[in-house]
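Biologist: I've got this one open on my screen and I'd like to walk through it with you. Can I just fire questions at you as we go?

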Amino acid sequence: MKHDNDNNTGLRFLSVCSGIEAASVAWHPLGWKAVAYSEIEKFPSAVLAHHYPDVPNLGDFTKIDTTTLGRVDILAGGTPCFTAGHMVLSAKGYVPIEEIRVGDEVVTHKGRLRTVVRIGNERKEVGVLTGVGMCEPITCTADHPFLSVEWRNQNTRRDNLYTKVEHCGHPEWVAAKDMPGRQWCQLLSHDNDNRAPESAKFDVKTAMYIAGMYLGDGWIRRHDGKAKKSVVLGINPGKYVKLKAAIGNAVHTVSHERTTVRVSIHDTAFADWLEAEFAHYSHMKTVPSWVMGHSFRGEFLRGFLDTDGSVTNDGKVSISTTSRPVAYGISDLMAAEGYVSSVALVETPDTCVIEGRTCNQRDYYQVRAYPQPMSRKSRVRHGMMLRTVSGFTPVGEETVFNIEVDEDHSYVVQSAVVHNCQAFSVAGLRQSLADARGNLSLEFVRLAHELADRNGLRNAVWENVVGVLSTKDNAFGCFLAGLVGADAPIDPPARGKWPRHGMVSGPKGRAAWAVKDAQFFGVAQRRRRVLVVADFGNGADPAAVLFEPESVCRHPPTRGEAGKDVAGFATGGLGSCGELTPSASIAPCLRARSNASHRLDTEAVVAYAPEIARCDATREGSSQDYETTTMVAVQTLDGSDVARTLSARHDGSPCVDRGPDAVVCFTAKDYGGDAQFDLSPTLRAGGFTGSHANAGVMPAICEVRPINTQVGLRHQSLGERTGLGIGDDGDPSFTLSKSHSHAVQVSSAVRRLTPMECERLQGFEDNYTRIPIKHYATQKITKNRPADMWEKDLNGGWWLMAADGPRYKSLGNSWAVPKFQWLGMRIQASMPANDNLNASPRLAA
């Protein structure tokens with residue numbers, strides 16, 4: 001569906017970091033016109049071109065020529081988040097650079113931990129750095145400094161004999177573009193950290209050996225009904241002999257399986273320590289940096305190799321792991337122990353056949369190593385491993401991340417030692433604003449001031465996550481100071497944290513901010529964001545826009561409860577007390593289709609949510625884990641692709657009594673600990689793992705019908721472990737918890753939200769992001785391009801439609817449309833009279 005943008009009246013706005021352009025969807029019904037967009041990501045740009053072909057996309061907003069824009073009344077944008085993927089060695093082990101946060105500790109070029117004091121990202125021209133022994137190519141800016149040594153082995157004739165003479169310089173910081181031919185540096189020594197494992201049964205040496213075995217082939221067993229845990233190792237008989245030699249007569253139990261030996265070590269404190277330091281599941285395990293400096297790191301490595309390694313007679317080692325942090329951590333550890341190692345990703349089919357059984361499998365990383373004296377392409381100098389950089393190849397623009405580290409100003413990226421980018425190390429508001437490579441939020445400020453001077457900008461609108469209010473580097477104070485023209489960052493009122501709402505002023509304008517939650521604007525999604533509105537002298541009053549006085553019409557929240565900022569959608573038009581009501585141009589929320597009651601106090605289904613997240617609901621030929629991904633579709637109850645509920649009450653509050661077809665919605669994090677009835681957790685872009693706030697993909701839902709007490713009940717007299725799993729009619733249900741009141745009907749379904757449901761949760765029209773990607777003469781159905789991704793072209797041929805992945809990501813990065821339509825109406829109502837710009841809202845019928 002193409003959107004008409006030929007409004008000759010109304011406000012004109014420039015949208016930067018536009019994404020899929022919630023602003024246009026929200027503000028077009030108000031008579032506003034988009035002057036231009038600024039988006040650099042491929043799929044959101046395609047969505048913009050599909051829906052708004054007549055509006056130019058200017059790309060990188062830091063390079064916009066404002067002299068070509070004409071009048072601009074409103075600037076709208078936010079600071080984007082993108083995945084970079086490069087691994088940084090932190091105190092907890094290797095983590096993606098985009099997951100590093102202010103306050104984290106990282107390993108520096110001195111082999112010690114220092115605190116991260118600043119983080120940021122920007123769009124830059126980059127290149128790919130390759131070299132001998134580099135686990136993966138490193139993508140970085142051309143001028144990013146690497147620790148490097150000039151080294152060569154020169155053939156020289158002396159006394160009529162040819163010999164090689166080594167020339168080795170001293171370590172120095174060299175720009176990436178100048179690295180080819182030089183040596184990149186890998187740390188071999190780290191600060192000593194001889195921490196003692198928590199175990200009542202083993203000395204430090206033995207505990208470190210067992211920790212290595214746990215990293216390779218171990219897991220933690222929790223005993224039902226008891227506060228006890230065991231360390232379990234799944235090893236073969238030969239490896240058990242090595243374990244027995246290490247632990248001696250320490251108490252353990254052995255279970256001989258058909259092909260393995262399962263060893264259980266009953267030591268709760270030790271199990272807790274292993275899980276805290278090295279994580280649990282094989283693909284999520286890590287090697288914390290303190291292991292590199294431990295006096296028994298050799299024992300740790302020996303334990304790992306005894307379970308998950310293959311060692312030849314000449315000392316060559318091969319290791320396989322599904323964990324990328326483990327691969328890099330073991331590679332560094334082997335280097336510290338005198339090996340030369342490399343890491344490679346091995347891609348595998350989704351399934352394989354083992355002894356006649358079809359099994360899911362993951363891609364894995366392979367570490368290969370051999371003793372350093374055997375290497376002709378590496379050398380140890382200055383206490384570091386040196387290997388040659390082969391090239392630096394420019395590849396275009398990408399979003400790059402950088403961090404600033406206290407004192408040492410360096411960190412380790414995929415075994416290579418790098419320095420802070422010089423521009424990023426500049427402190428102070430003015431320097432940051434003056435540097436084109438500075439923080440994107442401050443680039444937004446620069447653009448706003450330029451538009452105010454040249455294009456008549458009246459207001460700026462900015463949205464970001466709530467966490468920006470409490471960063472240790474006072475990023476929000478710098479941003480506010482920039483907007484209003486202050487000479488120095490504005491400090492928060494007290495204790496280093498900004499309040500949920502407030503207002504500041506300065507020489508260039510005034511700015512107000514407030515935390516607003518999308519669930520109170522008519523969409524069934526819990527999405528709290530900071531909204532900032534700035535006025536540059538002739539625009540709407542930011543306070544009048546964002547702050548709503550309490551009155552008898554309002555329902556002020558009690559302490560600790562969510563407030564009801566705006567009523568939910570009910571009928572067209574503008575309600576009393578500034579309550580926004582719906583229009584045909586706004587997609588409906590996901591709503592219930594029944595008026596029957598489904599109450600928590602009688603059926604207590606919501607108590608199941610933490611356990612529902614454990615269900616194994618995978619599509620055929622895939623592997624899904626509730627720790628890292630969400631559930632996938634099993635079957636909807638009525639055959640449609642949209643859940644029956646997920647809505648808001650008429651007054652905007654979350655709904656828990658929407659009929660018998662209730663929906664429990666939760667993410668794949670914390671065992672479903674954020675589950676709620678009929679209210680989605682925040683949609684996110686994904687691309688993260690572990691404990692990061694943006695981990696996982698889309699939330700999952702469980703559609704629960706009235707419980708059939710004749711199917712799947714666990715009878716109290718049969719004990720707690722009667723449930724065997726969800727199956728055919730009449731089979732017992734999975735044991736959800738220890739409560740004897742739980743039961744599950746077979747027809748219930750656990751799956752992740754569909755893209756259409758996510759579109760509705762953000763307020764877009766159905767299939768807004770389902771755009772044609774490429775035209776083909778014939779339909780070409782494959783595993784990755786199934787039939788439902790194809791649509792027939794009436795003019796002949798077939799269109800390949802957008803895949804779910806980019807649709808999910810773009811929706812997770814987007815704004816909630818109803819909230820921004822409310823914001824637009826507030827701005828328009830508060831705008832000083834100027835020609836016909838204060839016209840009444842024109843919502844489509």
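Biologist: What sign does phi take at Gly485, just after H11, and about how many degrees is it?
Modeller: Bear in mind that this is a predicted model. Gly485 comes directly after helix H11. Its phi there is positive, at about 85 degrees.

Biologist: And is H11 largely enclosed or not, and how many of its ten residues are buried?
Modeller: H11 covers residues 475–484. The buried ones include Phe476, Phe479 and Leu483, and Gly477 and Gly482 are in that set too. H11 is largely enclosed by the rest of the structure, because the buried count is nine of the ten.

Biologist: Which residue other than glycine has a positive phi in the loop between H5 and H6?
Modeller: Most residues other than glycine have a negative phi, so a positive one is worth a look. The loop between H5 and H6 holds a residue with a positive phi near 70 degrees. With a relative accessible area of 23%, that residue is partly exposed. It's Ala279.

Biologist: Where does Glu21 lie, and is it buried or exposed?
Modeller: Glu21 also has a positive phi, of about 70 degrees, and isn't a glycine. You'll find Glu21 in the loop between strand S1 (12–16) and helix H1 (22–27). The relative accessible area of Glu21 is 0%, so Glu21 is buried.

Biologist: Back to H5: which elements do its buried residues pack against?
Modeller: H5 spans residues 268–278. Its buried residues include Phe270, Trp273, Leu274 and Phe278, along with Glu275 and Glu277. The packing partners are helix H3 (204–217), strand S14 (218–222), strand S15 (229–235) and helix H6 (297–308).

Biologist: How many residues are in the largest nonpolar core, and which domains does it lie between?
Modeller: The largest nonpolar core has 58 residues, and Val231, Leu243, Phe278, Phe300 and Ile330 have the most contacts inside it. H3 gives the most to this core, with eight residues. Residues come from both domain 2 (88–189 + 390–419) and domain 3 (204–381), so the core lies between domain 2 and domain 3.

Biologist: Which residues does Phe300 touch, not counting those up to four places away in sequence?
Modeller: Phe300 is one of the residues with the most contacts inside that core. Phe278, from the buried set of H5, is among the residues Phe300 touches. The full set is Met208, Ala211, Gly212, Leu215, Phe278, Val287, Val291 and Leu333.

Biologist: How many residues are in the other core that lies apart from it?
Modeller: Its members include Leu48, Ala76, Leu761 and Met825. That core has 47 residues.

Biologist: What separates the C-alpha atoms of Leu75 and Trp462?
Modeller: Leu75 sits in strand S3 (residues 74–78), and Leu75 is buried, with a relative accessible area of 0%. Beyond its neighbours within four places in sequence, Leu75 is in contact with residues including Leu14, Val16, Phe444 and Val461. Leu75 and Trp462 are 387 residues apart along the chain, and their C-alpha atoms are separated by 8.3 Å.

Biologist: How many bridges join S13 to strand S25?
Modeller: Strand S13 (residues 183–187) is largely enclosed, because five of its five residues are buried. Gln183, Cys185 and Leu187 point one way and Trp184 and Gln186 the other. S13 pairs antiparallel with strand S9 (residues 145–149) over two bridges, with Gln183 as the partner of Val149. S13 and S25 also run antiparallel, Trp184 partners Arg387, and the number of bridges is five.

Biologist: Where is confidence lowest in the protein chain?
Modeller: The protein chain averages a pLDDT of 75, and 70% of the residues score at least 70. pLDDT stays under 50 over residues 422–438, even with 36 contacts beyond four places in sequence in the model. At the other end, confidence is highest in strand S6 (residues 105–107), at 96. The lowest mean, 27, is in helix H14 (residues 609–612).

Biologist: One last overview: what share of the residues of the protein chain count as buried?
Modeller: The protein chain has 17 helices and 38 strands. Its accessible surface comes to about 37,000 Å², of which 50% belongs to carbon and sulfur atoms. Of the 845 residues, the buried share is 52%.

How values were computed. Residues are numbered from 1 along each chain as its sequence is written. This is a predicted model: local features need pLDDT of at least 70, side-chain atom pairs count only at pLDDT 80 or more; totals for chains, interfaces and linings use all residues. Side-chain values use heavy atoms; hydrogens and water are left out. Buried means under 20% relative accessible area, exposed over 50%, partly exposed in between (1.4 Å probe, protein chains only). Helices (H or I, at least four residues) and strands (E, at least two) are DSSP runs, numbered from the N terminus. Contact means heavy atoms within 4.5 Å. A nonpolar core is a set of buried Ala, Val, Leu, Ile, Met, Phe, Trp, Tyr and Cys residues joined through side-chain atoms within 4.5 Å. Domain bounds come from an automatic or database domain assignment. pLDDT is the predictor's confidence in each residue, from 0 to 100. Accessible areas come from the Shrake-Rupley method with a 1.4 Å probe; for residues, only the protein chains shown count as cover. Two strands pair if DSSP finds at least two bridges between them.
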